[in-house]
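Visitor: I would like to go through this structure with you. Could we begin with the strands?

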Amino acid sequence: MKKIVAFFYFFSCCVCAQSANLNDLASQAAQAKQSQTFSEPQQRTQWQVPGTIAPLFSDVSDQQLASKKPFGSELFEGGFRGARADGMNPDYRVMPGDQVTLRLWGAIDFSSVLPVDSQGNLFVPSLGPVKVVGLTARQLDGEIKRRVMQLYPDNVSVYTNLQGVQPVSVFVSGFVSKPGNYAGVPADSVLYFLDQAGGVDAQLGSFRRIRIIRDNKKIEDIDLYQFLLSGKSPSIQFENGDTIIVDRRGPVVYVSGEVGREHLFELDYDSLNGNDLMMLAQLNPGVSHALVRGFRSQQPYADYHELTSFGQLLLGDGDEVTFVADERFKTIVVQLEGSFNGRSHFVVPKDTHLLQLLDNVPVNARTSDIRSISIRRLSVAEKQKQSLAESLRRLEATYLGASSSTLEESAIRIREAELITKFVEKASQVEPTGRLVISFRDELHDLRLQDGDIITIPRVSDDVLVSGEVFASQSQVFVPGIKAIDYIKASGGFSQHADRDRILVVRQNGEIRDAEEVVIRPGDEILVLPKVETKNLQLATTISQILYQIAIAAKVALDL
């Protein structure tokens with residue numbers, strides 16, 4: 001009772017003033033709370049115990065782990081198989097069997113396509129053999145020009161072009177899908193030959209340890225992660241008989257949680273810590289911790305680390321690392337809409353209550369209806385939508401699958417099915433507002449705010465809206481003492497589909513009352529619900545209940 005007296009005292013003062021601040025409302029509510037004496041239950045806050053509480057065993061079985069794609073497996077889906085080199089790379093080195101176009105003009109005229117012989121020479125008439133093997137395409141023109149100038153120092157121009165290259169045969173073996181001997185040209189990439197062999201075996205092969213063997217000697221180590229992460233591809237000129245060997249897959253870690261994509265990541269033998277893994281996995285913004293599960297000394301192991309300590313952690317083969325965003329925001333964003341002065345968005349601490357925020361919102365008491373403040377909340381809208389969807393599902397399950405014993409009953413079932421299908425289709429499109437009623441009998445109740453809350457401070461209204469099953473939905477000037485039925489008559493009366501026994505009054509604060517139980521006041525909406533046209537009393541009752549539910553969730557009288 002003290003709360004109600006305090007509130008009406010505050011409201012009468014606001015009406016007389018030119019402007020007011022919701023600080024007074026908060027103060028009155030706080031004083032009313034202090035006037036009540038009660039003992040609060042003692043809360044336990046030190047319940048945490050030191051140590052790590054986490055499942056020792058991974059949620060991913062060995063079979064599931066084997067089915068996970070390794071990072072880089074998308075490379076070998078045919079994208080490189082048709083990417084043939086043309087041998088015109090400036091860094092390409094001339095080999096026996098290559099074809100060179102040579103043209104001389106001026107003091108001497110000559111034009112021909114000359115092969116590079118087995119000794120690596122290009123035989124030029126009048127010049128004799130010119131050693132070109134091992135020269136790059138860029139150096140070839142300069143070397144021949146130098147030799148020509150020795151014999152014809154003046155008035156001779158030289159043009160060379162490496163026209164064709166000798167094909168090579170390269171063996172691909174190790175842990176690939178289809179080991180074999182594959183043809184190409186010396187300038188073809190490693191990826192071309194690997195793709196020809198079906199790519200690295202996703203479960204057994206290594207993407208980081210690939211060797212190029214020539215004459216029984218290793219000439220190059222290849223790590224495909226460098227190509228995947230930075231686009232660096234080794235420049236190798238293959239020779240006939242070279243061998244590409246894909247080694248066995250090294251230690252792998254399965255990464256899940258707050259990452260761009262879950263993958264198996266292969267680690268270097270000499271680099272097995274968390275920093276290396278974080279260099280490979282694309283973490284989502286806000287990641288703060290890593291849960292590591294696996295085995296150490298053949299015993300189950302699990303630990304939970306901040307990213308700083310995780311970076312130095314040594315990882316083991318088969319570990320599962322789940323990245324988690326466990327640093328919660330300490331602030332929330334709350335929005336205001338309606339009639340108020342000042343800014344519309346507030347960033348406040350997480351434990352802020354409604355009256356604490358309203359304490360900082362200036363309003364004009366003549367234009368703002370501070371009795372009818374409400375909150376639109378995302379979580380409430382989601383629950384309303386889920387509840388509506390469940391009601392519609394039960395409606396369909398109950399009536400659409402019912403059997404009929406006679407032709408007459410079957411015809412009735414068909415008509416009911418049409419009614420239900422049409423109704424469900426319309427009702428499914430309704431979007432609940434998530435309106436949270438926070439005032440009761442004109443008293444504003446305090447509550448803890450949530451991120452994304454939208455506080456509605458409605459404007460003082462002088463009209464009453466009549467909608468739903470009436471002939472003319474319209475707003476009318478509020479007249480004290482007039483009942484809901486009078487406003488309906490002024491709107492043309494009930495439509496032929498109106499349910500005269502189901503008339504609702506929607507307050508500006510979101511509260512919904514039966515029209516017979518309340519006195520109409522400014523800003524109210526009179527909502528006339530439709531009548532369900534069916535002789536099935538149970539079906540009519542069910543649909544009517546859902547219509548009422550929709551009216552509460554969305555302030556809509558759904559047309560049947």
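Visitor: In what order do the 5 strands of the open sheet come?

Guide: This is a predicted model. In it, the open sheet follows the order S13-S12-S16-S14-S15, with mixed pairing. Strand S13 (263-266) and strand S15 (299-306) are the edge strands, each pairing on one side only. On average, neighbouring strands of this sheet are turned by 25 degrees against each other, direction ignored.

Visitor: And in which sense do S14 and S16 pair?

Guide: Strand S14 (residues 289-296) pairs with strand S16 (residues 319-324) in the antiparallel sense, over 5 bridges. His 289 has Val 324 in S16 as its bridge partner.

Visitor: Turning to the largest nonpolar core, which residues touch the most other members?

Guide: Those are Leu 194, Ile 244, Leu 277, Phe 310 and Phe 323, out of 43 residues in that core. Helix H5 (residues 190-196) supplies the largest share, 5 residues.

Visitor: What is Ile 244 in contact with, leaving aside neighbours within four places in sequence?

Guide: Its contacts include Val 170, Val 190, Phe 193, Leu 194, Ile 210 and Phe 238. There is also a second, separate core of 23 residues, with Leu 122, Leu 127, Ile 144 and Val 158 among them.

Visitor: Another topic: why is strand S29 largely enclosed by the rest of the structure?

Guide: Strand S29 (residues 525-530) is described that way because 6 of its 6 residues are buried.

Visitor: Which strands does S29 pair with?

Guide: Strand S25 (residues 463-468) pairs with S29 in the parallel sense over 4 bridges, and Gly 468 has Val 528 as its bridge partner there. Strand S27 (residues 498-506) runs antiparallel to S29, joined by 5 bridges, with Val 505 opposite Ile 526.

Methods:
Residues numbered from 1 in each chain as written. Predicted model: local features only at pLDDT ≥ 70, side-chain atom pairs only at ≥ 80, totals over all residues. Heavy atoms only, no water. Pairing = 2+ DSSP bridges. Helix = DSSP H or I, 4+ residues; strand = E, 2+ residues; numbered from the N terminus. Axes fitted to C-alpha atoms, helices over the stretch in contact; angles between N-to-C directions. Core = buried A, V, L, I, M, F, W, Y, C linked by side-chain atoms within 4.5 Å. Buried < 20%, exposed > 50% of the residue type's maximum accessible area, 1.4 Å probe, protein only. Contact = heavy atoms within 4.5 Å.
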